[in-house]
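Please work through the exercises below with the sequence and the model open beside you. Each one sets a task and then solves it step by step.

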Amino acid sequence: PLGLCTALATIGPFVYAYLRREAESRLLKEQRRYQRPLQRAARGMPQVRDVTKLCSLITRVVSRSVRVTHASLFLWDNTQQRYILRSSHGPKRLAIQSRYSLEESHPLIRRLREYWQVLTKEELSRHPDPAVAKEMVTLDAPLVVPGMIEKRLLGFLALGPKLSGAGYSTDDLHAFGTLANEAAMAIENAC
């Protein structure tokens, strides 16, 4: 018995390390699967000069790669002086014909402008704002990613829940933040 205990105590940390690496590998495999297409799309966006096509490309790539219920892109419209839904893809996409829009003074827009970062349901629970929470529920978007250029909110990407039911990781937030900045620059150049 003493020899068995010594042997188990000796190999225990190695077995634990192996099992931990395997578990992390399986969890991260899904993220790596969709982060590559997002990176490729981000590199190719500056070549698209038509805003409508660009918006459709962004939402389609995000929706298909990440497998979310919807990816919906809102852009600032100078004529109407509001953020207008320009494209939405996914099984539960928002209807473009709905003319869904948010005014510049809307609490969600103010929040995105104030913090300049990805807004999550979790972040909202730490710093509650009922009007923002209500809009995120209406959009069915646990994640809202601002597209900023020189402290100006050009638009935002509202992402629905993942079809797998998994949450968004910090790596996801970083990837979407980078994608949104690339998208904002491409949209600005296409306008």
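The exercises go from the whole chain to its sheet, its helices, its cores and a few single residues, and the model they rest on is a predicted one.

**Exercise 1. Describe the chain as a whole: how many helices and strands are there, and in which pattern do they follow along the sequence?**

Solution. Begin by counting the elements, which gives six helices and six strands in the chain. Next, reading along the sequence, write the elements down as the pattern α-α-β-β-β-α-β-α-α-β-β-α. Then turn to burial, where 42% of the 191 residues of the chain count as buried. Finally, look at the contacts with a separation of 6 or more, of which 55% are made by residues 24 or more positions apart.

**Exercise 2. Work out the order of the strands in the sheet, and find which strands lie at the edges.**

Solution. The six strands form an open sheet, and the order across it is E3-E2-E1-E6-E5-E4, with antiparallel pairing. Strand E3 (101-103) and strand E4 (119-120) are the edge strands, since each pairs on one side only. From the edge strand E4, step to strand E5 (residues 143-149), to which E4 is joined by two bridges in an antiparallel arrangement. Here leucine 119 stands opposite valine 144 in E5. Helix H3 (residues 107-115) packs on this sheet, where it touches strand E2 (82-89), E3, E4, E5 and strand E6 (152-159), and its direction makes about 115 degrees with that of E6.

**Exercise 3. Follow strand E5: is it enclosed or exposed, and how does it pair with E6?**

Solution. Take burial first: seven of the seven residues of E5 are buried, so the strand is largely enclosed by the rest of the structure. Then sort the side chains by direction, which places Leu143, Val145, Gly147 and Ile149 on one side of E5 and Val144, Pro146 and Met148 on the other, all of them buried. Now follow the pairing, in which E5 and E6 run antiparallel and are linked by seven bridges. As one example, valine 145 has leucine 157 of E6 as its bridge partner. The two strands form a hairpin with two residues between them, and glutamate 150, in the turn, has a positive phi of about 45 degrees.

**Exercise 4. Decide how H3 is placed relative to helix H5 (residues 130-138).**

Solution. The axes of H3 and H5 come within 8 Å and cross at roughly 105 degrees. Because angles of 65 to 115 degrees count as roughly perpendicular, H3 is roughly perpendicular to H5. The contact itself is made by Pro107, Leu108 and Arg111 on the H3 side and by Ala131, Val132 and Glu135 on the H5 side.

**Exercise 5. Identify what builds the largest nonpolar core.**

Solution. This core has 26 residues, among which Val62, Leu159 and Phe176 touch the most other members. At least two residues each come from H2, E1, E5, E6 and helix H6 (170-190). H6 gives the most, with eight residues. A second core, separate from this one, has 21 residues, including Trp76, Leu102, Leu124 and Val144.

**Exercise 6. Describe the surroundings of histidine 70 and serine 88, beginning with where each is found.**

Solution. Histidine 70 is in the loop between helix H2 (51-66) and strand E1 (71-77). Since buried means under 20% relative accessible area, histidine 70 counts as buried at 0%. Its side chain reaches the backbone oxygen of aspartate 140 at 3.1 Å. Among the residues that histidine 70 touches are Ser88, Leu139 and Gly160.

Serine 88, in turn, has its place in strand E2, and at 6% relative accessibility serine 88 also counts as buried. Its side chain makes a polar contact with the side chain of serine 72 at 2.6 Å. A polar atom of the serine 88 side chain also lies 2.8 Å from the backbone nitrogen of leucine 94.

**Exercise 7. Locate leucine 75 and state whether it is buried or exposed.**

Solution. Leucine 75 is found in strand E1, and with a relative accessible area of 5% leucine 75 is buried. Its C-alpha atom is separated by 6.5 Å from that of arginine 86, which is eleven residues away along the chain. The residues touched by leucine 75 include Val51, Tyr83, Leu154 and Ile187.

Technical notes: Residues numbered from 1 in each chain as written. Predicted model: local features only at pLDDT ≥ 70, side-chain atom pairs only at ≥ 80, totals over all residues. Heavy atoms only, no water. Helix = DSSP H or I, 4+ residues; strand = E, 2+ residues; numbered from the N terminus. Buried < 20%, exposed > 50% of the residue type's maximum accessible area, 1.4 Å probe, protein only. Polar contact = N/O pair within 3.5 Å; in protein donor to acceptor, adjacent residues only side chain to side chain. Contact = heavy atoms within 4.5 Å. Pairing = 2+ DSSP bridges. Axes fitted to C-alpha atoms, helices over the stretch in contact; angles between N-to-C directions. Core = buried A, V, L, I, M, F, W, Y, C linked by side-chain atoms within 4.5 Å. Parallel < 35°, antiparallel > 145°, perpendicular 65-115°, else oblique. Lists of a residue's contacts leave out its neighbours within four places in sequence.
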